[in-house]
Each structure stands twice: as C-alpha cells, then as structure tokens.
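I opened this model to see how the chain is put together. My notes follow in the order I looked things up.

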Amino acid sequence: MRLWRTGLRAVAMLAAVASLNARAQAESLPPAPSPAVTAAVGEYGVGDNLLTVYEKDGQLYLTGRGLDAAALWQMSPGRYAGTFGEAAFTPDAVTLGGDRLPRRDVGAETAAEIQAGVKADPARVRAAALAATPPVEPPPRTPSDLVSLTTVDPSIKLDIRYATTNNFMGFPLYERAGAWLQRPAALALARAARTLRAQGYGLLIHDGYRPWFVTRMFWDATPPYAHVFVADPAQGSRHNRGCAVDLTLYDLKTGLPVEMTGRYDEMSKRSYADYVGGTSRQRWTRDLLRKAMEAEGFSVYPEEWWHFDYKDWRDYAIGTETFSQLAAEGR
C-alpha cells in the first residue's frame, strides 16, 4: 500500500512538473522560425478566397480554400507535403494541387486604392471634413481632461503616423506629432506600461485622441468594403472621445518595434485580434500586449490588434480640437 501511495505521489509530482513546464513554455517568447518557414508565411490567392500559411511550433500550416490547420512537412527546399498533396513555394506564389496562388498583400492593395482616390486633391478632402458637423449628443457625464502620454511614463515612445506621410491616406493629417488620452485612460496605460516593462517591452504609441474631422476624412476616403477598419463619423469614434489608443510593443534592449501578425493600420484580416496566421512569436507578442491592456480596463477592437478602447469612453464628448489647439492650451 505504501509503495502504491508513493507511486501515486510520484505521478502527481511529475504531472505538476509537466504542467509548470507547459505553463512556462506558454509564457515565454517562442523561438524564431527558420528563414525558410518565415519566407513562406503569408496570404495567397485571388479575390477573397485566400489561403493563409502560418507557423506553429516551427511547422507550417494551411488554413482556407477548404483546408483547416493542415500541416506541411518539408521534403526539399521550397517543397512540402501534406495529407492533401504537395505545396511548392516561390517568393511570389505557392503551387497547391496544381493551382498557382499568388502571394497577396491585401492591406497594401487597399491603401493604394485609397491614396489613388485622394492624392489629386487632399486639401479638398480636408476642407470638406472641417466644414462638416459632428453628431449632436447629450451633454457628457465627464468633462474632458486630455493628458499628453509622454508625461505619464518616460518609457512610452511615440510614432504618430498621421503626422507624416507614412499612413494609409498617404499625407499628413495632424499638424504636429502628439498623443493624448483622458486622464483615467492615460493613467491606466501607464500601469500597463509598467507591467510590460518588467517583461522587457515598452509601449510605442501610434495614435490617441483624434479630432472628429480626421475620422470624417477616413470614412469619406475608405471604400465601403473596408469601412470595418474606420469609425462611422455619424456615431463618432472612441478616438474622438480621447478613450482609444493605437499602439504596439518595442523591445527595451534594442529599441526596435516587435513584429506582429500584420502592420499598423493594415486593412486586411491579418489585423484581426484573433487572426490565426503569422508566426508563433508574432501571435505571442500580440497576445502579450492584449493581456496587459485588458488587465487595466481596456478592450481590444476585434478587427484591429493595435486598437484598444478604455472602459469609460461613453462618458466623454466627441472632441473637435486640433493638435495645434491642444498645444496652444499647454496640453
């Protein structure tokens, strides 16, 4: 009986160790996949019927076009086999079952369409938005108290794309670089930054408070099929209320942004918070950011891994102040 109980304790101890090891593995940064695997990861196909090639535990998998998490085993450089047949990769395509599927960058295609539509006269797009009127709403429950994010935590960095040409519109929308949030949201962001700093990461901010006229510009310029990625100005956005932030992580050791499953402001399914594609490492850092933000009262926008709304956004009014006006007020 004693030996039997000792055996049970040993099995229980081994199970506990295995559980701890599994948990530690889940909580640690996954290793980078091989260059060959990384090169194959992406979206392939024509139209909306796309094949997603992604990496998990160092192995390639396929989802889409009738496949669901179908594993691939390498036979030779660029050639793989699966239960469905063979797959051959080149830099710009994959051949699957005799069909050649071109590599796609749907986000870049949509951005090119938007920029082609506004580049002839961006001043007209801006003037039309500035002349428009925000929706009428009941008085806000809480007065605006916008705080500059550079003042709440010294490790927070800014990369304000809308003050540059490096955005999906292709021209600057803000007069200057800056990022503001309502004070409770800003303080919650600082707490998330402290949590992430202990894990070796800092926060890189792309956008915070956004004047309503910019939301109107986004909506007017974006084709209807991509409206899920921009807020309806008739409702106002959480950015307009100073309660939404667009951000990513950077490595504190290198100072460089980490790789996520898709680019910031990319209008494709790679931006979805639950997108299965990319690499294990990209999904891990994406989920790490989400966990830290949600612990402090933010919720992720399902279609954009970088966009987080603070819980009290309904209490604030839609803002129209420009960045120049905020700077003049000493914000």
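The entries below go from the whole chain to one sheet, one residue and the cores.

**Entry 1: whole chain.** I noted that this is a predicted model. I counted eight helices and 16 strands in the chain. I looked up the extent of the C-alpha trace, which is about 75 × 60 × 35 Å along its principal axes. Of the 331 residues, 46% count as buried. The chain exposes about 16600 Å², and carbon and sulfur atoms supply 56% of that area. I also checked contacts with a separation of 6 or more: 67% of them come from residues 24 or more positions apart.

**Entry 2: the sheet.** In what order do the nine strands of the open sheet lie? I read the order as S4-S3-S2-S1-S9-S8-S7-S6-S5, with antiparallel pairing. Strand S4 (67-71) and strand S5 (73-76) are the edge strands, each pairing on one side only. On average, neighbouring strands of this sheet are turned by 30° against each other, direction ignored. As a reminder to myself, strands of a sheet pair through backbone hydrogen bonds.

**Entry 3: S2, S3 and S4.** I followed S2 (residues 49-56) into S3 and found five bridges between these antiparallel strands. Tyr-54 stands opposite Tyr-61 in S3. The two strands form a hairpin with two residues between them, and Asp-57 in the turn has a positive phi of about 55°. I then went from S3 to S4, where three bridges join the antiparallel strands. That hairpin also has two residues between its strands, and here Arg-65 takes a positive phi near 55°. I looked at the cover of S3 (residues 59-64) as well: five of its six residues are buried.

**Entry 4: Ala-71.** I picked Ala-71, which is in strand S4, as the bridge partner of Tyr-61. Is Ala-71 buried or exposed? I put Ala-71 down as buried because its relative accessibility is 15%, and the cut-off for buried is under 20%. Leaving out residues up to four places away in sequence, Ala-71 touches Gln-59, Leu-60, Tyr-61, Ala-81, Gly-82 and Phe-84. I also took a distance to Tyr-225, 154 residues apart from Ala-71 along the chain: their C-alpha atoms are separated by 32 Å.

**Entry 5: S6 and S7.** Gly-82, one of the residues that Ala-71 touches, led me to the next pair. Strand S6 (residues 79-82) and strand S7 (residues 85-90) run antiparallel and are joined by four bridges. Gly-82 stands opposite Gly-85 in S7.

**Entry 6: cores and H5.** Which residues have the most contacts inside the largest nonpolar core? I listed Leu-189, Leu-203, Val-245 and Leu-289, in a core of 62 residues. The largest share of this core, seven residues, comes from H5. Another core lies apart from it, with 16 residues, among them Tyr-44, Ala-70, Leu-96 and Leu-101.

I checked H5 (residues 183-197) next: its 15 residues reach 21 Å from first C-alpha to last, close to the 21 Å expected at 1.5 Å a residue. Its buried residues include Ala-185, Ala-188, Leu-189, Ala-192 and Leu-196. Residues three or four places apart in an α-helix point the same way, because there are 3.6 residues a turn.

Last, I looked up Leu-289. Not counting residues up to four places away in sequence, Leu-289 touches Leu-196, Leu-203, Leu-247, Thr-248, Leu-249, Met-260, Trp-305 and Phe-308.

Definitions and conventions. Residues numbered from 1 in each chain as written. Predicted model: local features only at pLDDT ≥ 70, side-chain atom pairs only at ≥ 80, totals over all residues. Heavy atoms only, no water. Pairing = 2+ DSSP bridges. Axes fitted to C-alpha atoms, helices over the stretch in contact; angles between N-to-C directions. Buried < 20%, exposed > 50% of the residue type's maximum accessible area, 1.4 Å probe, protein only. Contact = heavy atoms within 4.5 Å. Expected span 1.5 Å × (residues − 1). Core = buried A, V, L, I, M, F, W, Y, C linked by side-chain atoms within 4.5 Å. Areas by Shrake-Rupley, 256 points an atom, 1.4 Å probe, with all protein chains shown as cover.
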